[in-house]
Amino acid sequence: LGMLVAFTVVSFSSNRLFAKELPTKTQLDQAMDDSISLLMANLKRSDLGSGVVIASPSTTAPDYFYHWTRDAALTHESLFELYSKTDDANLKNQILALAKEWIAFEAKTQNNAVGSVAGLGEPRFLVNGQVNTADWGRPQSDGPAARAITMSLWALTFLDRGEANFV
């Protein structure tokens, strides 16, 4: 949630470049709601499979239309924080479903990564879960650790919910 709040403040502030006043609580709340809506829309894109987190919709100059392990983990860490702090039951259910889809997609990517250049430490995948073997973006070794940390947070949540079969 901290990253999402920081993004919200930076996004809001960039629109009021060099403003002399800080945004009001109402303005920040609205910016936060807008950020959550945009994030959820990005994670539920109809042109992507479930669980995919793209770095950018751009496919040219630069092509970032990939599922990056680190970016996906950090996105889901923010979702975990939002899940932990919200009282909105509908939002909680949406976040839980997204987390389960992401974990399932990560399992698929890991199965596809066995025997690849970086093995289970692959930094980036195509949106269909296949390994992207292009040289750029390598090495990037923090993604698997970020993924493990975020998945551990979710595992504890699923255990608390009595969903040990998912863990």
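Is T109 buried or exposed? Select T109 and find out: at 0% relative accessibility, T109 counts as buried. Buried here means under 20% relative accessible area, exposed means over 50%, and partly exposed lies in between, with a 1.4 Å probe and protein chains only.

**Before you go on**

This is a predicted model, in which local features need pLDDT of at least 70 and side-chain atom pairs count only at pLDDT 80 or more, while totals for chains, interfaces and linings use all residues. Residues are numbered from 1 along each chain as its sequence is written, and side-chain values use heavy atoms, with hydrogens and water left out.

**Stop 1: the whole chain**

Show the chain as a cartoon. You will find five helices and two strands. Helices (H or I, at least four residues) and strands (E, at least two) are DSSP runs, numbered from the N terminus. Starting at the N terminus, the order of elements is α-α-β-α-α-β-α. Of the 167 residues in the chain, 37% are buried. Now think about contacts, meaning heavy atoms within 4.5 Å. Among contacts in the chain with a separation of 6 or more, 56% are between residues 24 or more positions apart.

**Stop 2: helix α4, home of T109**

Select residues 89-113, which form helix α4, where T109 sits. Leaving aside residues up to four places away in sequence, T109 touches F125 and G129. The end C-alpha atoms of α4 are 36 Å apart, which agrees with the 36 Å that its 25 residues should span at 1.5 Å a residue. The expected span is 1.5 Å times one less than the number of residues.

Next, colour the buried residues of α4: L91, I95, L96, L98, A99, W102, I103, F105, E106, T109, Q110 and A113. They pack against α2, β1 (67-68), α3, β2 (124-125) and α5. As you look along the helix, a general point may help: an α-helix has 3.6 residues a turn, so residues three or four places apart point the same way.

**Stop 3: where α4 meets α5**

Add helix α5, residues 143-160. How do the two helices cross? The axes of α4 and α5 come within 11 Å and cross at roughly 130°. That makes α4 oblique to α5. Axes are lines fitted to C-alpha atoms, for helices over the stretch in contact, and angles run from 0 to 180 degrees between N-to-C directions. Angles under 35 degrees count as roughly parallel, over 145 as roughly antiparallel, 65 to 115 as roughly perpendicular, and the rest as oblique.

To see the contact, show side chains for I95, L96, A99, K100, W102, I103, E106 and Q110 of α4, together with R147, T150, M151, W154, T157 and F158 of α5. By class, this contact of α4 with α5 has eight nonpolar, three polar and three charged residues. Ala, Val, Leu, Ile, Met, Phe, Trp, Tyr, Cys and Pro count as nonpolar, Asp, Glu, Lys and Arg as charged, and the others, Gly among them, as polar.

**Stop 4: T150 in α5**

Zoom in on T150, which is buried, with a relative accessible area of 1%. Not counting residues up to four places away in sequence, T150 touches A73, H76, E77 and W102. Try a distance between C-alpha atoms here: T150 and E77 are 73 residues apart along the chain, yet their C-alpha atoms are separated by 5.4 Å. Across α5, the buried residues are G143, A146, R147, T150, W154, A155, T157 and F158, and what covers them includes α3 and α4. Just after α5 comes G162, whose phi is positive, near 80°.

**Stop 5: α2 against α3**

Select helix α2 (residues 25-43) and helix α3 (residues 69-85), whose axes come within 12 Å and cross at roughly 130°. That makes α2 oblique to α3. Which residues meet? I36, L39, M40 and L43 in α2 meet T75, L79 and L82 in α3. The residues of this contact of α2 with α3 divide into six nonpolar, one polar and no charged.

**Stop 6: the loop between α2 and β1**

Finish with A61, in the loop between α2 and β1. A61 is exposed, with a relative accessible area of 78%. Its phi is near 40°, a positive value in a residue other than glycine. A cis peptide bond joins A61 and P62, with omega about 0°. For background, most residues other than glycine have a negative phi, and most peptide bonds are trans.
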